[in-house]
Amino acid sequence: MPFLTIYRDEQVNSTIVPNQFIDDYMKDANDAQLKIYLYLLRMMNARQATSVSDIADKFNHTEKDVIRALKYWQKLHLLDLDYDSGKNLTGIHIRDLDSPGGSGAGRDSGTVSSFIPEPAPPEAADFLPMKTEPPEIAGSPSAAVSSAGSTASYEKPSYSADQLREFKNRQDTAQLLFIAESYIGKPLTPSEIKTILYFTDVLHFSDDLIDYLIQYCVDKGKKDFKYIEKVAVNWAEEGISTPKQARRTAGRYDKNVYTIMRGLGKDGSPTGRELEYINRWLKEYGFSTDIILEACERTVLATDKHRFEYADSILNSWKCQNVHQKSDIRGIDDLYRQRKKTQTPSKQNNNRFNQFPQNNYDFDVLEQELLSN
């Protein structure tokens, strides 16, 4: 009987997870860390690009949760994070656990994932300050778990029915719950009310900050209270106590902000004033990013100075003319060109210098007269 050739399709719809990861690392990792590492393996095997914001949206985490998970696996030497000179995350090197050196193998072993993050502010590498561990214990899984951004001081209590009832009966609670229900679009469950109690009781958020917190998450399309709670804990860790501080922080990590900044030729983080302009264009004016970028392009071509003010004048004009999509802008441009053509002759006729009778001179005759004198 002849030998048989065994082969498979070149594209295999599966992801290989190293046994060492299952045996030694999986038991100590939390839900977010597991999901993100497995997803990175899947994207690497498929040779597809992703970003911090895409991962956060996919698993309903915040971008800080993603950064925290990446730093956790980096500390265990399962991957390396690559940064550019501006401390912006540019790539992820996933180490080969099956190589002779295991997780301690050098960077030349293994493969590099096609990870393309969104541009981040210069302080992106310091999203989550990690505790400095002595070298001899920093590599152990148990040590990493204790230092991977634990929020023990913000641990959520198990509130009793009596505590929940007492919170609901407070004079100012009814209005806060009504605002939350208005944003979420449904009555709150007891578990969700307990989360709001946690915001006031443990995180010490004011009603105004809770109002902005829920509004901010809903604007991002996130109505899940688990996501809202994660954002709240992140804000508490950063010392945010007012809506103004929250707006500044939220704006720094919004990828639309950096897209618009690049559209205006800006590479760094936005100032408070610049962030106010961008938030006005996105929220007050309600423009999509493509319309704002159109205004940015026209601004860059027109001026090198005061670009935010110039772009704001364009966008304010478009808002007054009920622009909702780019096709509306083309209509305005066509109308402007038509008006300009019709107004040009009238401007010349109204010129005060054109009101005098015009003389027709024969310059050859004038030259001969001058030479003869």
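**Entry 1: helix α6**

I started with Asp162 and Arg165, which both sit in helix α6, residues 161–168. They are three residues apart, about one turn of the helix. I checked their side chains and found that they meet in a salt bridge, 2.7 Å from N to O. I note here that the model is a predicted one.

Next I looked up how open each partner is. Asp162 is exposed, with a relative accessible area of 52%. The cut-off for exposed is over 50%. Arg165 has 46% relative accessibility, so I put it down as partly exposed.

**Entry 2: the whole protein**

I stepped back for an overview. The protein has 373 residues, and buried residues make up 38% of them. I listed 17 helices and three strands. Then I turned to contacts between residues at least 6 apart in sequence. Of these, 63% join residues at least 24 apart. The structure holds 17 salt bridges.

**Entry 3: α3 against α4**

I then took up a pair of packed helices. Two packed helices are described by the angle between their axes and the distance between the axes. My pair was α3, residues 52–59, and α4, residues 63–75. The angle is about 105°, and the axes are 8 Å apart. Angles of 65 to 115 degrees count as roughly perpendicular, so α3 is roughly perpendicular to α4.

Which residues make the contact? From α3, I wrote down Val52, Ser53, Ile55 and Ala56. From α4, I wrote down Glu63, Val66 and Ile67. Sorted by class, the contact has five nonpolar residues, one polar and one charged.

**Entry 4: α4 meets α10**

I stayed with α4 and looked at Arg68. Its side chain meets that of Glu237 in a salt bridge, 3.3 Å from N to O. Glu237 belongs to helix α10, residues 225–237, and Arg68 to helix α4, so the bridge ties together parts that are 169 residues apart in sequence.

Are the two partners buried or exposed? Arg68 is buried, at a relative accessible area of 11%. Glu237 is partly exposed, at 30% relative accessibility.

I found another α10 residue to follow, Asn234. Asn234 counts as buried, with 5% relative accessibility. I set aside its neighbours within four places in sequence and looked for other contacts. Asn234 touches Thr62, Lys64, Asp65 and Arg68. Arg68 thus turns up again, as a contact of Asn234 and as the salt-bridge partner of Glu237.

**Entry 5: α9 and a residue in α7**

I measured nothing by hand here; I read the computed values. Helix α9 covers residues 207–219, which is 13 residues. From its first C-alpha to its last, α9 reaches 18 Å. That is close to the 18 Å expected at 1.5 Å a residue.

Which residues of α9 are buried? I noted Leu209, Ile210, Asp211, Tyr212, Leu213, Ile214, Tyr216, Cys217 and Val218. After α9 comes Gly221, with a positive phi near 85°.

From Ile210 I looked across to Ile179. The two are 31 residues apart in sequence, and their C-alpha atoms are 9.6 Å apart in space. Ile179 lies in helix α7, residues 173–184. Its relative accessibility is 21%, so I entered Ile179 as partly exposed. The cut-off for buried is under 20%.

**Entry 6: two loops with positive phi**

I went looking at backbone angles. Most residues other than glycine have a negative phi. I noted His306, a residue other than glycine whose phi is positive, near 50°. His306 is in the loop between α14, residues 289–302, and α15, residues 307–320. It is exposed, with a relative accessible area of 60%.

Asn322 also has a positive phi, near 60°. I placed Asn322 in the loop between α15 and α16, residues 326–350. Asn322 is exposed, at a relative accessible area of 55%.

**Entry 7: more salt bridges**

I closed with charged side chains. Arg307 and Asp304 meet in a salt bridge, 3.1 Å from N to O. Are these two buried or exposed? Arg307 is buried, at a relative accessible area of 16%. Asp304 is exposed, at 67%.

Last, I recorded a network of salt bridges that links Glu294, Arg298, Lys326 and Asp333.

Technical notes: Residues are numbered from 1 along each chain as its sequence is written. This is a predicted model: local features need pLDDT of at least 70, side-chain atom pairs count only at pLDDT 80 or more; totals for chains, interfaces and linings use all residues. Side-chain values use heavy atoms; hydrogens and water are left out. Axes are lines fitted to C-alpha atoms, for helices over the stretch in contact, and angles run from 0 to 180 degrees between N-to-C directions. Helices (H or I, at least four residues) and strands (E, at least two) are DSSP runs, numbered from the N terminus. Angles under 35 degrees count as roughly parallel, over 145 as roughly antiparallel, 65 to 115 as roughly perpendicular and the rest as oblique. Contact means heavy atoms within 4.5 Å. Ala, Val, Leu, Ile, Met, Phe, Trp, Tyr, Cys and Pro count as nonpolar, Asp, Glu, Lys and Arg as charged, and the others, Gly among them, as polar. A salt bridge is a side-chain nitrogen of Lys or Arg within 4 Å of a carboxyl oxygen of Asp or Glu. Buried means under 20% relative accessible area, exposed over 50%, partly exposed in between (1.4 Å probe, protein chains only). The expected span of a helix is 1.5 Å times one less than its number of residues.
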